[in-house]
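Biologist: Could you take a close look at one part of this model for me, the place where two of the chains meet? I'd like one connected walk-through, and a comparison point from elsewhere if you have one.

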Amino acid sequence: MSRAYTSLGVDRIDARYKVTGKAVYAAEVAVANVAHAVIVGSTVARGRVKDIDVRAAQRAPGVLAVLTHQNAPRLPGGAERNKNDRVDRTLQVLQDDQVVYDDQPVALVVADTLDRARFAARLLDVRYERVETPTVTFDLRSPNYAPPRAVRDTTDSNHGDVARARGSAPVVVDATYTIPTENHNPMEMHGTIAVWHSSDAVTVYDSTQGIFGVRKKIAHVFGLNAKNVRVLSLYVGGGFGCKGTPWSHVVLSVMAARAVGRAVKLAVTRQQMFSLVGHRPHIIQRVQLAAGKDGKLASVEHDVVSQTSRFDEFVEPGAVTARHLYACDNIRTSHRLVRLDIPTPTYMRAPGESSGSFALESAMDELSYAVGLDPVALRLVNYAERDQHEGKPYSSKSLRACYEQGAAAFGWARRPLAVRAMKDGDGWIGWGMATATYPAGQSPASAWASLRADGTALVRSGSQDIGTGTYTIMTQIAADALGLPLASVRFELGDTSFPETPVSGGSRTAASVGSAVKQAGWQVRQALLALAIADPASPLHGLSADDVDVVDGMLLSKTQPSRRDSVVAVMARAQRPELVARADAKEAESRKPYSLHSFGAQFAEVRVDEALGSVRVRRLVGAFAAGTILNAKTARSQFMGGMVWGIGMALHEHTVRDLRSGRVVTRDLADYHVPVHADTPDIQVVMVPESDPHVNDVGAKGIGEIGITGMAAAIANAVYHATGKRVRDLPITPDKLLEVPV
Amino acid sequence: MLPGRRAGRDEGLERSDCPTVVALFGEGNEPFADEREREAIRAELRALGAVLLALSPDVLWLFRPDDEQQSLEPAPRAPDGGPPALFQQLGVVPERGRPGLRGLFVVDGGGTLRFAHRLGHDERITLRAAVEAASRAMLLPAAVPAGSSRREFLLASLLTGFALAVADACAPVPPVRDAASLPQDQLDLTLQINGESHPLRLEPRVSLLDALRENLGLTGTKKGCDHGQCGACTVLIDGRRVLSCLTLAATAEGSKITTIEGLGSPEALHPMQAAFVAEDALQCGYCTPGQIMSAVGLVSEGHAKDDDDIRELMSGNLCRCGAYPNIVTAIRRAQKEMTGTAADGAKGPA
Amino acid sequence: MTAPFTYVRVTGDADAALDTATPGSQLLAGGTNLLDMMRLGVVSPTRLLDISRLASSGPWGRVEETDGGLSIGALVRNSDLAYHPLVRARFPVLSQALLSGASPQLRNMATTAGNVMQRTRCPYFRDIGVPACNKRNPGSGCAAWDGFARPHAILGGSRDCIAVHPSDMCVALVALDAIVHVRGHYGAGEGLTERQIAIADFHLVPGSTPSRETTIGPGELITRVVLPATPFAARSAYVKARDRASYAFALASAGVALHLEGGKIRDARVALGGVATKPWRSHEAERVLAGHEPTGALFERAADAALADAQPRPDNRFKVPLAKATIVRALTRAREAT
């Protein structure tokens, strides 16, 4: 089958709508007679709601309802998480008087305008009792416990004899690295509009990475048949993990709509984004690398401690990468959790890989100085040809080419080994690098394709496009599978009435939905070929299916190209208004014998102004090998976007909680810093060609998250190279670079 | 736990920093003549940001304007013997059988006596009239004291202390008890948006952003923070790029407003929009309308000479997807087309 | 969470605004600070007097020359002021300060008077869910003192309040000895007259009354800010240190001007931002500088003098060396300016 459209850098198909303001996001859907709901959050982190005086709020103009735990309806499914569902969460939806984190929902005000609802929320008099001083931070002395799993892998691992290897190694690096709590802060805050159609059927417009998860949650909580719950999410203004599972506001909007008998819109505020919708947990990581004088690793130890809430468990699997990334016979890793009076963390762009790679790649950089080796050379000395942890070969691994091509694009060969070697006026220049990696996952997904008699096609899959380019690459895959011009194919997503797909997370949508779309398109193509071959009036009559290709709406024989027939003609003669197929794509069998990952190499140049403590990234190069690149344009944007996240992780992002009250202090975009235009230099992305026949039907490995992995370390390593100052505690802000005598 | 009182939800009327109006009555159980007088005084107090302490020799009332009046009986711990002593110290003689206002004093939040009037024997003034006079007096800045003297100073301290003691003894109540008594204005406005007139009836507090998104169905302009920190809500007002979340719809009346919808359509893209598409200067698209409107403003401002300038002058527009490098390329490209000038300053074909 | 209010649009006659102004009213110019505070629920005026339209009449919206100095109308937009040719030529520290602050959109909206009157960015002050804020809730304590104090003041604060003054423009104004012209009812008579307040006296340190931030009160209106003729101000610079490359408040900043003559400093102005509870003029640094050669070592001594009385909290000790570095850097830039 020819691959005409995939791998081309065609313009993003939805770009036209986004640049003209025509793309409609969840809270913008025009629903008649919609009322506005506002969540009222607690001002204590640990206690009980004693009483809420709602009278002033109820009397305020325009107020339709005030819901509290005292009058909110009892939810059949309750607020507790479904223990049989690994990703389900316990929500705070007014079912009891407990307060378990600061700014937890304790009331909901519904009014006819947004301003009236917001102001009425101020009129509530909430009183608390049994308020206790919360514990909202931890260190390595805090009591911790071992969770049952570290997401997809075991909590601990232990290969070989780490203690003996470390004991006899000439060089040991033993360092502890810290990343603070971070918040996703997509540009679009969460928002939900709920519309009840009858007493047991509801439509929900939601900003989510997982419409099927939202449907499942609502059905469970409200005791509804899932068939009567429809969730739509046509455009999502970023997610990065915080829209991966439904949070309390989704249930509350549905509850409110039922209570007031009207459609209800609930828009989460930017301040609420810091407590209501998950975060990347504060994580402390100890890495111990023992090596010979030649840099060959004798042992690797990576111990992770992170935080979770008192009521649910979330593990940031920071040590999982160390299990396979570098060849070593003795590797020990562990994950431990500390329970705190905070909301439950959640997946945040490359959960585990981005945080873990900061520690591992910083430690490798420290080792490179200890043994006097160039950082890239050290990586090559320890290159892993196979995945020693899983005991399998890699399905493909072009990491050497990534190091080579990235270094060449960057000019790495000119790098002096010594620190403080490149002065630039008031500043110092430094160059650092790190390895990037992310697993190439695939989940079951389904798609439906319909070829029309007029030669156009409609393809549907209930997936999401959170800025990743799903609309575009699926259209390309479908066009190729069907053999139609790109402009003849329309791909639709974001509706639970479409075939089911996994959440848009974990960099697996291209692999999963792509496979389903390809298979559905391919099935339609086969049916079309069968029609043509069986039709005596067709020039293709009697040929074997293997001999017939379909390109841009034309069927033609590969061996005798003059024998051809158009799609439209075939359908007309067969008197078929449409050909339809549905594919339920499973995880490809070809994957089973292999360990499947994408890899990359990150290179950063920084300029440090020591007196002012400022770090500016001057240029970045990322070289990545991620199998077949489905669209060069959108792929470059994905890689680049991840790299910009790495700048934020390294230099800016830090959610601060007041240690006495447990309340977030940095609760807006002026106090929580994400990179701005001026922080972001030219970024060069090198896409290393790679072909992987095992990874899945479309050959793609998923690229949404690899861009952030290794980047924070590359920048921190560059800062060290510039100044000789090793910062192990992110973000690298001026205070950390300025020496202050105590 | 943090020190200090439990937070009231409305901090606009700061408690001990607000002025106190002290009204002394000859006798009586009721400071207000009728409901109309009470509401009129409520309005005056609200405008002053003040609380009213009304006392007769036997009874004490505290009246916060956004609250019901509270009667405190018997009088709480107050310095030196309660109301009768205070009357004496203030030089007001309460006479039995002579109800009505006998004295009115106003002390501001800084402890300065701003108004003092002791009624003469035959003088009759309603509480309302007295409070109105006091309001006018409050317009005089504190730097110009109304006859300061040691006695006045002591008086002011006395009153402030008394007022604080009284207020402390009162049960805490939600500061804004009755929202229905706050202004209920609606404005009739006409907004000129993308060359069209839009009549609206709105509360004054509605932002231009909310008017666009909630009242006019123009959802192209996005809300990313609602506090002027992200730039997603950028529009052009009379050709200048500004934030619609921090602009009242009422203020925007009479100006030419341009939103993303007015720049171009999917069939006929503005050069900046076309450049964003071609350079993939977007991903999730939520910051995109704000980036584009801001970029159009940037080009017309004419201060961006190179990529570093573009980056600095676009820094008011956050992009969490990290499309920044492509945005800069798109702006450079469109700038060339829009001005006929290359970014390095050389003139090209128009 | 904005409380309802009555909206009054003032056109043509500012005096009408003053006659109807009462303590429950607020003046609305650019709105970038006031509307933000109102939406947070920190302030709740019941009456808003929109004076933005006055900019088109009289001197409100104009920058005018005055004997070598400049008269800046209260409603001149920050961006217009920053790019004004006379400001760039004669008072570059002011242009640089303005352009380092906020974002282009905010600079297009914010006015001179609004910038002078802006309130602190302290996150505890801005959060009505936090009880302990003496500025917002007098007598309730200061949550920042023993809390997250990293952004806050190391000069001019106390246990009662360490909220840092956030304006860049005001730092330059302080360095330039600006004079604020204010209109109001003064004296026993009926009429409206003007008074002048030196910028150094305009803002107040919190002391024991953090809720009082300026010397003016309701019923007073800034009409313009005047920069006296200061020829050597053409040799001036503003340096700002912050957590990201742009669109962030100062961790520390310095606005300086140098009068060089015969190879020595004849006169100097040094003002600090990001480190004090009000825009901070450092006469201590100026005394060290006067009469000496402008060497790096002298600049370091001046910086030491400027920060000698600094009282940092554990979270913001780094501001001491950082503030010194911004002073030295700014003085160096001013010295090198052509």
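**The B–C interface**

Modeller: Let's start with one pair of side chains: Arg240(B) and Asp80(C) form a salt bridge, with 2.6 Å from N to O. Keep in mind that this is a predicted model. The Arg240(B)–Asp80(C) pair isn't on its own, as the rule finds 3 salt bridges across the interface of chain B and chain C. Polar contacts add to the picture, with 19 residue pairs across that interface, both partners at pLDDT 80 or more.

Which elements of chain B give two or more residues to the side that touches chain C? There are helices in the list, namely helix 1 (35-48), helix 6 (249-252), helix 8 (288-301) and helix 9 (307-313), and there are strands too, namely strand 7 (187-193) and strand 10 (240-243). Strand 10 of chain B gives the largest share, 4 residues. Sorted by class, the residues on this side of chain B come out as 22 nonpolar, 17 polar and 16 charged.

Now for the extent of the thing. The size of an interface is often given as the accessible area lost when the parts come together. For chain B and chain C that comes to about 5,000 Å², and carbon and sulfur atoms account for 55% of it. In residues, 55 from chain B are in contact with 64 from chain C.

For your comparison point, go inside chain A. Its assignment splits it into domain 1 (31-132 + 187-238 + 243-274), domain 2 (350-441 + 593-736) and domain 3 (445-585). Where domain 1 and domain 2 of chain A touch, domain 1 supplies 8 residues and domain 2 supplies 11. The C-alpha centres of these two domains of chain A are 38 Å apart. Between them they bury about 800 Å², with 56% from carbon and sulfur atoms. On the domain 1 side of chain A, the residues that lose the most area to domain 2 are Asp102(A), Gln271(A) and Phe274(A), together 66% of what that side buries.

Asp102(A) turns up again in the charge pairing: its side chain meets that of Arg663(A) in a salt bridge, 3.0 Å from N to O. The rule finds 2 salt bridges across this domain interface of chain A, along with 3 residue pairs in polar contact, both at pLDDT 80 or more. The side of domain 1 of chain A that touches domain 2 has 2 nonpolar, 3 polar and 3 charged residues.

Definitions and conventions:
Residues numbered from 1 in each chain as written. Chains lettered and ligands numbered in written order. Predicted model: local features only at pLDDT ≥ 70, side-chain atom pairs only at ≥ 80, totals over all residues. Heavy atoms only, no water. Domains from an automatic or database assignment. Contact = heavy atoms within 4.5 Å. Buried area = accessible area lost by both parts, 1.4 Å probe. Salt bridge = Lys/Arg side-chain N within 4 Å of Asp/Glu carboxyl O. Polar contact = N/O pair within 3.5 Å; in protein donor to acceptor, adjacent residues only side chain to side chain. Nonpolar A, V, L, I, M, F, W, Y, C, P; charged D, E, K, R; others polar.
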